Amino acid sequence: MPTNTVTSPLPSLPPKPPPRVLGPITRTDVVVYQGASGDFEPMHHDEPFAKAAGMPAPIVVGMYPAGALIAWATDWLGPRNVREVHTRWRAPMWPGDTLTIDGEAQLNDEGSVRVELTGVNQDGRTVLLGHARFVIAATSGDEPQTGATA
């Protein structure tokens, strides 16, 4: 006896956004981020403290560029759709650095999207990697529900 199977169309992805450039990151950017996050580690703003620890200057708070990396993906595919996020720092960032954020997405058969993310500094060095998983439902018009705002 034949069975009737109803299948939903797979969503399509919205167009990939252009790479996003963050910076040059200033010490003021770092201090503002520290104030918003409550992370007042002196390694990120105190020059003598950072130099005493063997650093050439205060180091940029890692979550600042990591947050920008993930924001690029959520601006594209919608913050309501994110299910999993991973980041990995490959090298420190310093005041004056610029971060270029880009990524590639792959849609799987279940409608889940995996985005591979990269953050590259002004010297072409990969300083941050990440990946995120999104779930995007198809609408009646087969347009993805990204939840991104205009």
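Mentor: Two residues are in contact when heavy atoms lie within 4.5 Å. Keep in mind that this is a predicted model.

Trainee: Which residues does Val115 touch, leaving out those up to four places away in sequence?
Mentor: Val115 is the bridge partner of Ala105, and Ala105 is also on its contact list. The list draws in Trp72, Trp76 and Leu77 as well, which are buried residues of α3. In full, Val115 touches Trp72, Trp76, Leu77, Glu104, Ala105, Gly130, His131, Ala132 and Phe134.

Trainee: What pattern does the protein follow along the sequence?
Mentor: Count the elements first: there are three helices and five strands. Read along the sequence, they give β-α-α-α-β-β-β-β.

Trainee: In what order do the five strands stand in the sheet?
Mentor: The sheet is open and its pairing is antiparallel. β1 (20-22) and β2 (82-89) are the edge strands, each pairing on one side only. The twist averages 20° from one strand to the next. The order is β1-β3-β4-β5-β2.

Trainee: How many bridges join β2 and β5?
Mentor: The two strands pair in the antiparallel sense. Thr87, for one, has Gly130 of β5 as its bridge partner. The pairing of β2 with β5, residues 126-135, runs over seven bridges.

Trainee: Which residue takes a positive phi in the hairpin of β3 and β4?
Mentor: β3 and β4 pair in the antiparallel sense over nine bridges. Their hairpin has four residues between the strands. Most residues other than glycine have a negative phi. The residue here, with a phi near 90°, is Gly111.

Trainee: And which residue takes a positive phi in the hairpin of β4 and β5?
Mentor: β4 and β5 pair in the antiparallel sense over nine bridges, with Arg114 opposite Arg133. Their hairpin has four residues between the strands. The positive phi is near 85° and belongs to Gly124.

Trainee: What angle does the direction of α3 make with that of β4?
Mentor: α3 (residues 63-77) packs on the sheet. It touches β1, β2, β3 (99-107), β4 (112-121) and β5. Its direction and that of β4 make about 140°.

Trainee: How far does α3 reach from its first C-alpha to its last?
Mentor: α3 has 15 residues. The reach is close to what is expected at 1.5 Å a residue. Gly78, just after α3, takes a positive phi of about 95°. From first C-alpha to last, α3 reaches 21 Å.

Trainee: Is α3 largely enclosed or exposed, and why?
Mentor: Buried means under 20% relative accessible area. Among the buried residues of α3 are Tyr64, Leu69, Trp72 and Trp76. They pack against β1, α1 (27-37), β2, β3, β4 and β5. Because 11 of its 15 residues are buried, α3 is largely enclosed.

Trainee: Which element gives the most residues to the largest nonpolar core?
Mentor: The core has 26 residues. Those with the most contacts inside it are Ile25, Trp72, Leu77, Val115, Leu117 and Phe134. The elements giving two or more residues are α3, β3, β4 and β5. With nine residues, the most comes from α3.

Trainee: What is the relative accessible area of Val113?
Mentor: Val113 is in strand β4. Beyond its neighbours within four places, its contacts include Leu13, Leu77, Leu107 and Ile136. Val113 is buried, at 0%.

Trainee: What distance separates the C-alpha atoms of Val113 and Phe134?
Mentor: The two residues are 21 apart along the chain. Phe134 is also among the contacts of Val113. Their C-alpha atoms are separated by 5.0 Å.

Trainee: Which two residues does the cis peptide bond join?
Mentor: Most peptide bonds are trans. Here omega is about 10°. One partner, in the loop between β1 and α1, is Pro24. The bond joins Gly23 and Pro24.

Trainee: What share of the residues counts as buried?
Mentor: The protein has 150 residues. Its accessible surface comes to about 8800 Å², of which 55% belongs to carbon and sulfur atoms. The share of residues that counts as buried is 33%.

Trainee: Among contacts between residues at least 6 apart in sequence, what share joins residues at least 24 apart?
Mentor: Val113 and Phe134, 21 residues apart, fall short of that 24 cut-off. Across the protein, the share that meets it is 65%.

How values were computed. Residues numbered from 1 in each chain as written. Predicted model: local features only at pLDDT ≥ 70, side-chain atom pairs only at ≥ 80, totals over all residues. Heavy atoms only, no water. Pairing = 2+ DSSP bridges. Axes fitted to C-alpha atoms, helices over the stretch in contact; angles between N-to-C directions. Core = buried A, V, L, I, M, F, W, Y, C linked by side-chain atoms within 4.5 Å. Buried < 20%, exposed > 50% of the residue type's maximum accessible area, 1.4 Å probe, protein only. Areas by Shrake-Rupley, 256 points an atom, 1.4 Å probe, with all protein chains shown as cover. Expected span 1.5 Å × (residues − 1).
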